[in-house]
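Student: I would like to go through this structure with you. Could we begin with the packing and then turn to other sites?
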Amino acid sequence: MVIGAGILTTSSALAGVYNISVDEVGISTGDFEKRGIGYNGSSPGPVLRFKEGEEVEINVTNNLDEETSIHWHGLILPYDQDGVPKISFPGIKPGETFTYRFPIQQSGTYWFHSHSGFQEPDGAYGAIVIEPKKREPFRYDREYVVQLTDAHPHSGARIMRNLKMMPDYYNRQQQTLMDFFNDVSRNGFSNTVSDRMAWGQMRMMPADVEDVQGFTGLINGKGPEQNWTGLFKAGERIRLRFINSSAMTYFDMRIPGLKMTVVSADGLNVQPVTVDEFRIGVAETYDVIVRPKEDKAYTIFGASMGRSGYVRATLASKADMTAEVPELEKPPLLTMADMGMGHEGMEHGDMSSDGSEPAMAKDHQMKGGMKHGSMMDHSQMGTGMKHGEMSHEAMMKMGGAKPDPFYANGSGLTPVAANGGKFLSYQDLKAQKPLYPHREATREIELRLTGNMERYIWSINGVKYEDAEPIKLQYGERVRFKFVNETMMTHPMHLHGMWSILDNGNGKWNPIKHTISVAPGTTVYTETEVDAEGQWAFHCHLSYHADSGMFRKIIVEGGPDKTAGNQTEKGARS
Ligand SMILES: [Cu+2]
């Protein structure tokens with residue numbers, strides 16, 4: 001039975017009851033058809049529209065023959081409503097209905113998805129739009145949700161089995177023997193061999209930008225050929241709520257012919273910044289405002305970060321109008337800098353002000369006769385690109401931009417706008433309004449993002465989830481997390497239940513997010529006001545990384561009702 005989501009009854013003006021069924025559904029991308037999992041009979045599920053201040057009651061009925069769950073991504077709520085089996089609640093058994101109840105304490109763009117098995121990559125996701133109590137600090141005439149996904153012909157479980165058997169199973173961009181001979185003729189035999197040996201020792205390949213290729217990019221459930229279209233009238237301001245619900249894929253989003261003004265990130269308003277292109281990590285959301293002045297069509301285009309696929313949709317003043325779809329650019333190749341081998345990369349990637357050397361430089365153990373010194377030799381750096389021919393600095397000067405500290409200096413992944421214009425950086429994000437008083441962190445917790453590509457194990461501090469102790473936080477403290485990415489992949493780290501304040505050098509205006517993307521060879525700091533009691537999940541949001549171990553349980557000890565010490569400090573409650 002399928003019941004549409006919506007307010008069925010209201011016990012007071014501020015209580016909404018919503019019904020969601022979890023169903024097996026058909027998914028058609030234009031490239032292939034498959035069975036998947038959806039909500040209320042479709043994937044994506046409904047757009048849930050809440051109001052800030054509302055008390056919601058959401059009845060979730062499991063029509064599958066396996067357990068399910070819904071996690072409300074980015075929502076601040078009591079931990080037993082967060083929807084992570086074995087951490088927050090027992091899960092929802094087949095045939096069972098579970099009722100979530102929580103107050104809506106925020107506004108903006110969020111999403112929801114299953115936290116059970118591979119149901120989310122199989123289609124179990126939907127969007128959440130929360131209307132604010134007060135007026136927005138920006139104006140718009142019309143809005144659309146733009147939900148991105150990477151639909152794959154294989155089921156999530158099958159993809160995981162294949163990756164475990166052969167980690168490069170879905171990597172079609174691996175370098176071939178022909179590339180080797182091309183590199184030999186360009187860079188000489190010994191340089192090429194030592195470069196290849198370095199990559200081999202690291203158990204990585206220079207084209208490992210994307211673990212899982214061969215997907216079809218969807219926007220609001222429609223493939224590039226199916227072309228989801230949003231209509232507008234010339235001169236209108238359109239708010240586009242971008243949500244990346246992909247299992248594994250980052251997208252570089254642009255709308256050729258239109259500037260985009262970014263007004264919010266991960267649901268929270270930011271000081272507006274106008275860009276030509278932005279990268280959206282897995283699980284992130286960005287709201288942008290565009291203002292097409294002409295009656296015509298514009299393509300919403302997002303090339304995957306590894307350029308193995310794309311999403312495409314259209315904004316048009318009339319139905320069936322289309323605009324040119326850009327070609328995919330050449331896939332980027334990782335450089336030694338993305339493995340933390342470029343010394344500039346280490347300095348720039350480390351945002352710390354204490355001048356200490358980032359952990360990666362200290363911890364990195366070189367094996368097999370590879371000397372650190374030879375790895376730092378620029379003549380041997382890079383894959384096919386000689387340092388002298390086009391340095392990173394020179395490229396940046398050409399683009400008129402400064403190096404981005406959120407990428408290792410010389411990184412093959414540093415994004416550049418297709419039209420040569422402005423590409424959004426994490427540095428540009430400034431909170432519209434600080435949520436917390438700016439204060440010193442009480443302590444720092446180092447989290448090294450680690451992995452073994454050969455066995456497809458992803459971990460934190462070298463330990464995978466099943467072998468790891470939970471991270472314990474104290475209610476009322478402010479914790480500084482230090483993420484050191486020792487892998488060659490970008491990891492979108494997602495903390496449930498509490499905000500992550502990204503230290504991007506903007507002090508009290510540092511932006512507040514729920515998902516923080518950490519690029520290879522970089523160190524990124526976030527701070528969290530520990531203001532939510534209970535047990536929470538903390539993990540990489542790439543589905544197959546989370547499942548293979550890049551995941552932690554966080555236990556917040558104490559709380560406003562429990563700890564006498566906190567009560568005296570924060571004022572006793574009666
Ligand atoms: Cu990851």
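Tutor: This is a predicted model. In it, leaving out neighbours within four places in sequence, Leu315 is in contact with Tyr144, Gly230, Phe232, Ile238, Leu240, Ile255, Leu258, Val290, Lys296, Ala297, Tyr298 and Ile300.

Student: Which residues have the most contacts inside the largest nonpolar core?
Tutor: They are Trp72, Leu240 and Leu315, and that core has 126 residues. Another core, of five residues, lies apart from it; Val84, Ile87, Ala537 and Ala546 are among its members.

Student: Let us move to the metal. Which residues are the protein donors of the copper ion?
Tutor: His491 and His545 each donate through ND1, and Cys540 through SG, lying 2.1 Å from the ion. Along the chain, the donors follow the spacing H-x48-C-x4-H. His491 in strand 24 (residues 491-495) and Cys540 in strand 29 (residues 534-540) are 49 residues apart, so this pair links distant parts of the chain.

Student: Is His491 buried or exposed?
Tutor: His491 is buried, with a relative accessible area of 0%. Cys540 is buried as well, its relative accessible area being 0%.

Student: A change of topic: where does Ser246 lie?
Tutor: Ser246 is in the loop between strand 12 (238-244) and strand 13 (251-254). Ser246 has a relative accessible area of 0%, under the 20% limit, and therefore counts as buried.

Student: And what does Ser246 touch?
Tutor: Not counting residues up to four places away in sequence, Ser246 touches Glu120, Leu148, Thr149, Asp150, Phe251 and Val282. In addition, the side chains of Ser246 and Asn244 are joined by a polar contact of 2.8 Å.

Methods: Residues are numbered from 1 along each chain as its sequence is written. This is a predicted model: local features need pLDDT of at least 70, side-chain atom pairs count only at pLDDT 80 or more; totals for chains, interfaces and linings use all residues. Side-chain values use heavy atoms; hydrogens and water are left out. Donors are N, O and S atoms within 2.8 Å of the metal (3.2 Å for Na, K and Ca); water is not among the atoms, so sites may look incomplete. Helices (H or I, at least four residues) and strands (E, at least two) are DSSP runs, numbered from the N terminus. Buried means under 20% relative accessible area, exposed over 50%, partly exposed in between (1.4 Å probe, protein chains only). A polar contact is a pair of N or O atoms within 3.5 Å; within protein, one must be able to donate a hydrogen and the other to accept it, and residues adjacent in sequence count only if both atoms are side-chain atoms. Contact means heavy atoms within 4.5 Å. A nonpolar core is a set of buried Ala, Val, Leu, Ile, Met, Phe, Trp, Tyr and Cys residues joined through side-chain atoms within 4.5 Å.
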